[in-house]
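Colleague: I would like a close look at one helix and its surroundings. Please take a single part and work outwards from there.

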2 protein chains.
Amino acid sequence: MPESDSELVEAEAEETAGEPLVRRSDQLGLGPLGDYIGFHLRLAQDASFRNFVRHTGRRDLRPGRFTALLLIRENPGITPMGLSRGAGRDKSTITPLLRDLERQGLIERRPVPTDRRSHVLALTPAGQTLLDELCEHAARHDAELDEIVGIENKPAFLAQLRAIIERLG
Amino acid sequence: MPESDSELVEAEAEETAGEPLVRRSDQLGLGPLGDYIGFHLRLAQDASFRNFVRHTGRRDLRPGRFTALLLIRENPGITPMGLSRGAGRDKSTITPLLRDLERQGLIERRPVPTDRRSHVLALTPAGQTLLDELCEHAARHDAELDEIVGIENKPAFLAQLRAIIERLG
DNA sequence: TATTGTTATACTCTATAACTATA
DNA sequence: TATAGTTATAGAGTATAACAATA
């Protein structure tokens, strides 16, 4: 799906809000899709994301911010173009994302002496703090997934997901 | 992400367009997410969706339309509210979706004698034809997923996805 | 009172194309 | 010429809130 991408969540929120996220009723017929892997991948990803949001208590969290912060932390010296390629998103989507993160004081841009067109991205202390917090939520969320899948099945399950990721585009 | 949802793809397009969908470079570090099920679910769903789009040749295909058409076909007598609950989306998102499908001549609305607030949805012949075509693409796409996962592993893999779907929200 | 469906409004994510300033 | 990044623009998808008609 030009739909998902390479991230998980996002940051920043004003308020937490209740929990009215619409819940699928699942009493409907699905036809041929009832046994499709692709369809279930989609449903599982949806459920997983909702659970993550539940953990963070921030319903405004959406893909992009979290991944951006994480990729910046894990890849020192990364540039906006590197982020674009790493996240699998067009560079034009990176500009407003970084603008917002910078405006919120979560990241900063540093000049690159060797190429004055570009700049290096880095987390500010506030960005580190927020990312740490999100990572804790992510860890708790994923522990639930581990439990559901069964820790003994996790390696095989992950291997199958990785196979899909690598062998499809 | 309040991000994904309960569908797979969508319908309608003007032209096919090249294939410039940005491709993840994957040479970047992922930190703690490197072993997270949730993260890999997201990547796999992303890859799967891109592959589906590749099959259909319609890059404008996105979640929503396809599911709507499918749920309408598979659940005779369904109403907009039923669709909303089945798809796990707020009813306010259903209105414009149905408006577009109707405008394209893919669905029609029929009055409900017992409740004049509502109406029953049904595919037109054109809607059936389009849905059939999309289902063929979906079948070929999912056959690739079967091959990647390995047909002998499919039942267990699907069971794990279903466990995630059912046990998380 | 509660529900169905619509409308108004807004925000996120995404992309293409055109532009600039460098390389 | 080609690349890094920005801006302008556009279109899905989603949601909340308020509303009219009906139950």
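Modeller: What follows starts with helix α4 of chain B, then moves to its neighbours, its counterpart in chain A and the core. Keep in mind that this is a predicted model.

Start with length. Helix α4 of chain B covers residues 91-103, which makes 13 residues. At 1.5 Å a residue, α4(B) should span 18 Å. The C-alpha atoms at its ends are 19 Å apart, so the span agrees with expectation.

Next, the buried side. Three residues of α4(B) are buried: B:I94, B:L97 and B:L101. They cover an arc of only 70° around the axis, which puts them on the same side of α4(B). The face turned away from that buried side carries exposed residues. These are B:S92, B:T95, B:P96, B:R99 and B:R103. As background, nonpolar side chains tend to be buried together in soluble globular proteins.

What do the buried residues of α4(B) pack against? The partners are α2 (65-74), α3 (80-87) and β1 (107-111), which belong to chain B. Just after the helix comes B:G105. Its phi is positive, about 75°.

Now the packing with α3(B). Two packed helices are described by the angle between their axes and the distance between the axes. For α3(B) and α4(B), the angle is about 115° and the axes are 9 Å apart. Their crossing is right-handed. On the α3(B) side, the contact is made by B:P80, B:M81, B:L83 and B:S84. On the α4(B) side, it is made by B:K91, B:I94 and B:L98. Of these, B:I94 has already appeared among the buried residues of α4(B).

Turn to chain A. This chain has six helices and two strands. In sequence order, the pattern is α-α-α-α-β-β-α-α. Chain A has 169 residues, of which 43% count as buried. Take its contacts between residues at least 6 apart in sequence: 64% of them join residues at least 24 apart.

Helix α4 of chain A also covers residues 91-103. Its 13 residues should span 18 Å at 1.5 Å a residue, and its end C-alpha atoms are 19 Å apart, which agrees. The buried residues of α4(A) are A:I94, A:L97 and A:L101. Their arc around the axis is only 70°, which puts them on the same side of α4(A). Facing away from the buried side of α4(A) are the exposed residues A:S92, A:T95, A:P96, A:R99 and A:R103. Cover for the buried residues of α4(A) includes α2 (65-74), α3 (80-87) and β1 (107-111) of chain A. After α4(A) comes A:G105, with a positive phi near 75°.

Two residues elsewhere in chain A deserve a look. A:L131 sits in helix α5 (residues 125-149). It is buried, because 23 other C-beta atoms lie within 10 Å and the cut-off for burial is 20 or more. Setting aside residues up to four places away in sequence, A:L131 touches A:L69, A:L70, A:R73 and A:L123. A:F52 is 79 residues from A:L131 along the chain, and their C-alpha atoms are separated by 14 Å.

The other is A:R42, in helix α1 of chain A. A:R42 is buried too, with 31 other C-beta atoms within 10 Å. A:R42 and A:D142 lie 100 residues apart in sequence and 17 Å apart in space, C-alpha to C-alpha.

Finally, where the two chains meet. Helix α6 of chain B runs over residues 154-167. Its 14 residues reach 20 Å from first C-alpha to last, close to the 20 Å expected. Its buried residues are B:F157, B:Q160, B:L161, B:I164 and B:I165. They cover an arc of only 140° around the axis, which puts them on the same side of α6(B). Both chains contribute to what covers them. The cover includes α1 (37-56), α5 and α6 (154-167) of chain A, together with α5 (125-149) of chain B.

The largest nonpolar core has 74 residues. A:A44, A:I164, B:A44 and B:I164 touch the most other members of that core. A:I164 reaches across to chain B: it touches B:A44, B:A47, B:S48, B:L145 and B:I148, not counting residues up to four places away in sequence.

Note on methods:
Residues are numbered from 1 along each chain as its sequence is written. Chains are lettered from A and ligands numbered from 1 in the order in which they are written. This is a predicted model: local features need pLDDT of at least 70, side-chain atom pairs count only at pLDDT 80 or more; totals for chains, interfaces and linings use all residues. Helices (H or I, at least four residues) and strands (E, at least two) are DSSP runs, numbered from the N terminus. The expected span of a helix is 1.5 Å times one less than its number of residues. A residue is buried if 20 or more other C-beta atoms lie within 10 Å of its own, exposed if 12 or fewer, and partly exposed in between; C-beta atoms are placed from the backbone. The arc is that of the directions from the helix axis to the C-beta atoms. Two residues are in contact if their C-beta atoms, placed from the backbone, lie within 7 Å. A nonpolar core is a set of buried Ala, Val, Leu, Ile, Met, Phe, Trp, Tyr and Cys residues joined through C-beta atoms within 7 Å. Axes are lines fitted to C-alpha atoms, for helices over the stretch in contact, and angles run from 0 to 180 degrees between N-to-C directions. A crossing is left-handed if the near helix is turned anticlockwise from the far one by less than a right angle, and right-handed if clockwise.
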